[in-house]
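Visitor: I'm new to reading protein models. Could you walk me through this one, feature by feature?

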Amino acid sequence: MAVAIRLRREGSHDRPVFRIVAADSRFRRDGRFLEILGVYDPNQEKGGLNVNVDKVNQWIAKGAKASETVKSLVKRASAKA
């Protein structure tokens, strides 16, 4: 099973909110997932990013691949902490 750490789109039509999830790469973008790792709200000017960096690092240590967007969000969250 190849695990991917990626964004899952939620929210209404013009107000997207994304959850950072660990999911099997065969699952649909907004389908099943294994664990929620954080939340990203691009509509908020400040903040809007809540990532559990420890859990992300645990999944990466187990062999999960993070998407480019998730990598940049985790980098921004770890710099802020």
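Visitor: Let's begin with helix 1: which exposed residues does the face turned away from its buried side carry?

Guide: Remember that we're looking at a predicted model. On that outward face of helix 1 you'll find Asp-54 and Ala-61, both exposed.

Visitor: And which residues of helix 1 are buried?

Guide: Look along residues 53–61: Val-53, Val-56 and Trp-59 are the buried ones. They span an arc of only 125° around the axis, so they sit on the same side of helix 1.

Visitor: What do the buried residues of helix 1 pack against?

Guide: Quite a list! Their packing partners are strand 1 (3–11), strand 2 (16–24), strand 3 (35–40), strand 4 (49–51) and helix 2 (68–80). If you trace the chain past helix 1, you come to Gly-63, which has a positive phi, near 110°.

Visitor: Now the strands. How do I read a sheet, and in what order do the strands come here?

Guide: The general idea is that strands of a sheet pair through backbone hydrogen bonds, either parallel or antiparallel. In this model, 5 strands make an open sheet, ordered 4-3-2-1-5, with mixed pairing. Strand 4 and strand 5 (65–66) are at the edges with a single partner strand each, so each has one side without a neighbour in the sheet.

Visitor: How many bridges are there between strand 1 and strand 2?

Guide: There are 9 bridges, and the two strands pair in the antiparallel sense. A hairpin of 4 residues links strand 1 to strand 2. To find one of the pairs on screen, start at Gly-11 and look across to Pro-16 in strand 2, its bridge partner.

Visitor: What about the other neighbour, strand 3: how many bridges join it to strand 2?

Guide: Strand 2 and strand 3 run antiparallel and are joined by 5 bridges. You can check some of the pairs yourself: Ala-22 is opposite Glu-35, Ile-20 has Gly-38 as its bridge partner, and Arg-19 is opposite Val-39. Gly-38 also has a bridge partner in strand 4, namely Val-51. Strand 3 and strand 4 are antiparallel too, with 3 bridges between them.

Visitor: Is strand 2 mostly covered or mostly open?

Guide: Mostly covered, with 7 of its 9 residues buried.

Visitor: I also spotted Asp-41. Where is it found?

Guide: Asp-41 lies in the loop between strand 3 and strand 4. Asp-41 is buried but has no salt bridge. The nearest side chain of opposite charge is Arg-15, 4.4 Å away, while a salt bridge needs the charged atoms within 4 Å.

Visitor: So what is Asp-41 in contact with, leaving aside its neighbours within four places in sequence?

Guide: Its contacts are Arg-15, Pro-16, Val-17 and Gly-48.

Visitor: One last thing: which elements have the lowest and the highest mean pLDDT?

Guide: Here's the general rule: where pLDDT is low, the predicted coordinates should not be read in detail. In this chain the mean pLDDT is 91, and 99% of residues reach 70 or more. Among the elements, helix 2 has the lowest mean, 91, and strand 3 the highest, 96.

Definitions and conventions
Residues numbered from 1 in each chain as written. Predicted model: local features only at pLDDT ≥ 70, side-chain atom pairs only at ≥ 80, totals over all residues. Heavy atoms only, no water. Buried < 20%, exposed > 50% of the residue type's maximum accessible area, 1.4 Å probe, protein only. Arc of directions from axis to C-beta. Contact = heavy atoms within 4.5 Å. Lys, Arg positive; Asp, Glu negative; His and termini not counted. pLDDT = per-residue confidence, 0-100. Pairing = 2+ DSSP bridges.
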